[in-house]
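Student: I have a structure open and would like to learn how to read it. Could we go through it one feature at a time?

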Amino acid sequence: MSGKEYEEALRKLHVELVTLQEWVVRTGAKICIVFEGRDGAGKGGTIKALTERVSPRVFRVVALPAPTDREKSQMYFQRYLPHLPAAGEVVIFDRSWYNRAGVERVMGFCSEEDAARFLEAVPLVERAIVSSGIVLIKYWLEVSQEEQTKRLEARIHDGRKLWKLTGMDLKSYSRWYDYSRARDDMFEATDTPDTPWHVADSNDKRRARLNIISDLLGRIPYEKLPRKTPELPARQKRGDYREPDHPFRYIAQRY
């Protein structure tokens with residue numbers, strides 16, 4: 001897919017996302033979207049494409065840091081629950097409570113017993129979330145070993161992406177099949193009729209972003225609401241206003 005084809009398709013989807021946004025605000029809908037996948041699967045780029053033309057006050061992205069000592073002592077789900085959407089909000093989790101089923105389990109940050117208890121509890125918690133009126137949509141971005149290697153190596157040599165490559169990424173890279181087993185267990189326990197997982201092939205970044213946004217729009221029963229086309233009012237007259245002679249400190253025009 002060429003860049004021109006991608007941008008044109010994305011522009012049309014952005015128009016629909018704005019329509020969705022207006023519907024969410026006016027109806028008080030509550031939407032929660034979870035993005036999971038291996039490092040380099042394309043979660044960040046997909047979320048950026050999803051949110052770049054909508055209001056951050058409506059489409060709110062949650063990417064929590066490592067838990068504090070206090071949070072570690074809480075019930076596991078406790079620090080995620082305050083971030084769930086209120087009426088008129090779309091909350092997007094860039095990684096979520098499923099950290100326990102993935103990175104925490106694989107990297108030894110929790111015990112196997114902790115992971116097992118989590119997988120047992122998730123369907124109950126998510127059923128309660130849905131019962132409260134929240135539309136919960138879960139996406140898993142599936143990337144191949146070869147494509148993941150290509151993307152992580154690109155981060156090493158691109159100064160714009162160095163921040164995206166952490167020591168944890170390097171450690172987890174070597175544990176591909178441990179992550180595969182953890183993913184398989186997660187799907188077995190949490191891919192339920194109430195809150196199923198939707199899997200996206202993310203080896204082609206552009207197509208993955210378009211397919212995910214298109215799928216998302218198809219899963220929410222929004223509609224285009226009547227809206228009056230706004231008109232700019234007339235500006236006030238200058239009156240006695242005069243431009244000041246203040247020595248404004250303009251920045252250098254290097255470009």
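Tutor: Happily! Let's begin with one residue: P123 counts as buried, because its relative accessibility is 14%, and buried means under 20%. Keep in mind that we are looking at a predicted model.

Student: Where does P123 lie?

Tutor: P123 is part of helix α5. A useful habit is to look at both sequence and space for such a residue. P123 and T190 are 67 residues apart in sequence, and their C-alpha atoms are 5.9 Å apart in space.

Student: What about D114, which also has a place in helix α5? How is its accessibility read?

Tutor: D114 counts as partly exposed because its relative accessibility is 24%, and partly exposed runs between the 20% and 50% cut-offs. For its sequence and space pair, take R38: D114 and R38 are 76 residues apart in sequence and 21 Å apart from C-alpha to C-alpha.

Student: Can we try one in a loop?

Tutor: Take M107, found in the loop between α4 and α5. M107 is buried, as its relative accessible area is 13%. Along the chain M107 and I47 are 60 residues apart, and 25 Å separates their C-alpha atoms.

Student: Now the whole chain. How many helices and strands does it have?

Tutor: There are 9 helices and 5 strands in the protein chain. To see how they follow one another, read along the sequence: the pattern is α-β-α-β-α-β-α-α-β-α-α-α-β-α.

Student: What box do the C-alpha atoms fill, and what share of the residues is buried?

Tutor: Taken along the principal axes, the box is roughly 75 × 45 × 45 Å. Of the 255 residues in the protein chain, 42% are buried.

Student: Which domain does UniProt list?

Tutor: An unreviewed UniProt entry lists residues 2–225 under "domain: Polyphosphate kinase-2-related". In this model, that span is 50% helix and 14% strand, and its end C-alpha atoms lie 33 Å apart.

Student: Next, salt bridges. What should I look for, and how many are found in the whole structure?

Tutor: Look for a side-chain nitrogen of Lys or Arg within 4 Å of a carboxyl oxygen of Asp or Glu. A search of the whole structure gives 19 salt bridges. One of them joins E126 and K138, whose closest N and O atoms are 2.9 Å apart. This pair links distant parts of the chain, with E126 in helix α5 (residues 112–131) and K138 in strand β4 (residues 134–142), 12 residues apart.

Student: Are E126 and K138 buried or exposed?

Tutor: Both E126 and K138 are buried. Now compare another pair: the side chains of D194 and R127 meet in a salt bridge with an N to O distance of 3.3 Å. D194 is in the loop between α8 (176–190) and β5 (197–201) while R127 is in helix α5, so this salt bridge ties together parts 67 residues apart in sequence.

Student: How exposed are D194 and R127?

Tutor: D194 counts as partly exposed, at 45% relative accessibility. R127 is partly exposed too, with a relative accessible area of 40%.

Student: Could the two partners of a salt bridge fall into separate classes?

Tutor: Look at D158 and R160, which form a salt bridge with their closest N and O atoms 2.7 Å apart. D158 is buried, with a relative accessible area of 14%, whereas R160 counts as exposed at 65% relative accessibility. Salt bridges can also share partners, and in that way E36, D39 and R95 are joined into one network.

Student: Where is R95 found, and what is its phi near?

Tutor: R95 sits in the loop between β3 (89–94) and α4 (103–106). Its phi is near 70°, a positive value in a residue other than glycine. R95 counts as partly exposed because its relative accessibility is 25%.

Student: One last feature: which residues gather in a patch of positive charge on the surface?

Tutor: That patch brings together K48, K150, K164 and K205. Let's follow K48, which has its place in helix α2 (residues 43–51). K48 is exposed, since its relative accessible area is 58% and exposed means over 50%.

Methods: Residues numbered from 1 in each chain as written. Predicted model: local features only at pLDDT ≥ 70, side-chain atom pairs only at ≥ 80, totals over all residues. Heavy atoms only, no water. UniProt positions renumbered as here; feature names shortened; annotations may be inferred. Helix = DSSP H or I, 4+ residues; strand = E, 2+ residues; numbered from the N terminus. Buried < 20%, exposed > 50% of the residue type's maximum accessible area, 1.4 Å probe, protein only. Patch = residues over 30% accessible without salt bridge, like charges linked within 9 Å, V, L, I, M, F, W, Y side chains within 5 Å. Areas by Shrake-Rupley, 256 points an atom, 1.4 Å probe, with all protein chains shown as cover. Lys, Arg positive; Asp, Glu negative; His and termini not counted. Charge placed at Lys NZ, Arg CZ, Asp CG, Glu CD.
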